[in-house]
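I opened this entry to keep track of what I looked up, beginning with how two helices pack and then moving on to the core and to single residues.

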Amino acid sequence: MSLQPSSRDWRLAANDFLRGMTSWQVWTLMGVSDIRQRYKRSRFGQFWITLSMAVFVAGIGVVFSLLFKQSVSEYVPYLAVNYIVWTFMSGVVSDSTAAFVQGTVFLRQENLPKTVFVMRVMVRNLIALAHNIVIVPPVFLLFGVSPDWRVLLLMIPGFALLLVATFLVTLLCGILCTRFRDLPQIIANLLQLAFFITPIMWRVDQLQGRGWFVTHLNPFAIFLRIVADPVHGKVPELYDYLAALTIIAGLVAVTWPIFARFRARIVYWL
């Protein structure tokens with residue numbers, strides 16, 4: 001069996017992508033339904049997402065500001081923004097492992113585009129992100145943080161790059177984890193490691209120039225900077241944008257051929 005996609009495979013993959021993107025009503029409804037189902041019969045509903053984030057930032061922010069001997073007024077806003085961005089990234093990667101498995105019922109009965117289930121994961125996590133962002137303005141007001149709106153606009157291209165990267169990661173992990181059922185556990189453990197080696201609760205300058213590879217070769221750290229730094233009033237380095245584009249190019253080079261070659265086999269692996 002050849003692993004090289006045929007011209008027909010490429011055409012079908014492109015058609016799947018186009019059909020998936022135009023089926024926005026389907027994946028939007030699926031994503032919203034997932035959130036509603038998760039908090040069904042709950043008194044606070046989806047706002048448990050916001051409440052959980054607020055409690056974490058308040059508790060960990062105060063404790064770690066004392067451990068790191070930093071001002072609470074500087075550390076808590078820093079942690080709030082970074083942890084919210086991290087929660088979105090890690091949530092997408094974690095959910096991607098079951099992107100197609102969760103859609104087993106639909107995939108076995110309907111000829112839906114596979115990318116619909118990728119977008120379902122994206123929508124679900126974007127809704128959670130929207131709920132979490134709610135705590136940022138109160139935190140900034142409480143501690144007197146005034147963002148530079150001109151720098152803040154740089155978050156838009158950074159977030160756009162993050163969305164492209166997470167879409168590709170979701171598609172790749174969804175395919176591989178459907179075929180190899182041990183991968184979700186491996187990815188879960190890698191995410192735990194990534195949390196500690198990514199500057200979420202600690203600052204890069206605390207390394208005092210050491211561990212360059214941790215901050216500049218870590219994909220999570222790169223995307224965290226291009227999204228979170230503008231909110232902190234910092235202009236991301238050109239290196240970060242170039243590194244993000246390089247990561248996306250690498251993901252396209254790996255993900256698209258795999259998707260083209262094995263797209264039709266996904267339903268048989270469920």
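Before anything else I noted that this is a predicted model. I began with helix α2 (residues 24-38) and helix α6 (residues 115-133), which pack at an angle of about 50°, their axes lying 8 Å apart. Because an angle that is neither roughly parallel, roughly antiparallel nor roughly perpendicular counts as oblique, I wrote down that α2 is oblique to α6. I also recorded that the crossing of α2 and α6 is right-handed.

Next I looked up which residues make this contact: on the α2 side they are V26, W27, T28, M30, G31, V32, D34, I35 and R38, and on the α6 side V116, F117, M119, R120, V123, R124 and I127. Sorting the residues of the contact of α2 with α6 by type, I found ten nonpolar, two polar and four charged.

I stayed with helix α6 to look up N125, which has its place there. Is N125 buried or exposed? Its relative accessibility is 7%, and since buried means under 20%, N125 counts as buried. Leaving aside neighbours within four places in sequence, I found N125 in contact with F88, G91, V92 and D95.

Then I turned to the largest nonpolar core, which has 66 residues, and I noted that W86, F100 and F223 touch the most other members. Helix α4 (residues 72-96) gives this core its largest share, 14 residues.

Last, I listed what F100 touches, not counting residues up to four places away in sequence: L107, K114, F117, V118, L171, G174, I175, T178, I266 and L270. F117 in that list had already appeared on the α6 side of the contact with α2.

Notes:
Residues are numbered from 1 along each chain as its sequence is written. This is a predicted model: local features need pLDDT of at least 70, side-chain atom pairs count only at pLDDT 80 or more; totals for chains, interfaces and linings use all residues. Side-chain values use heavy atoms; hydrogens and water are left out. A nonpolar core is a set of buried Ala, Val, Leu, Ile, Met, Phe, Trp, Tyr and Cys residues joined through side-chain atoms within 4.5 Å. Buried means under 20% relative accessible area, exposed over 50%, partly exposed in between (1.4 Å probe, protein chains only). Helices (H or I, at least four residues) and strands (E, at least two) are DSSP runs, numbered from the N terminus. Contact means heavy atoms within 4.5 Å. Axes are lines fitted to C-alpha atoms, for helices over the stretch in contact, and angles run from 0 to 180 degrees between N-to-C directions. Angles under 35 degrees count as roughly parallel, over 145 as roughly antiparallel, 65 to 115 as roughly perpendicular and the rest as oblique. A crossing is left-handed if the near helix is turned anticlockwise from the far one by less than a right angle, and right-handed if clockwise. Ala, Val, Leu, Ile, Met, Phe, Trp, Tyr, Cys and Pro count as nonpolar, Asp, Glu, Lys and Arg as charged, and the others, Gly among them, as polar.
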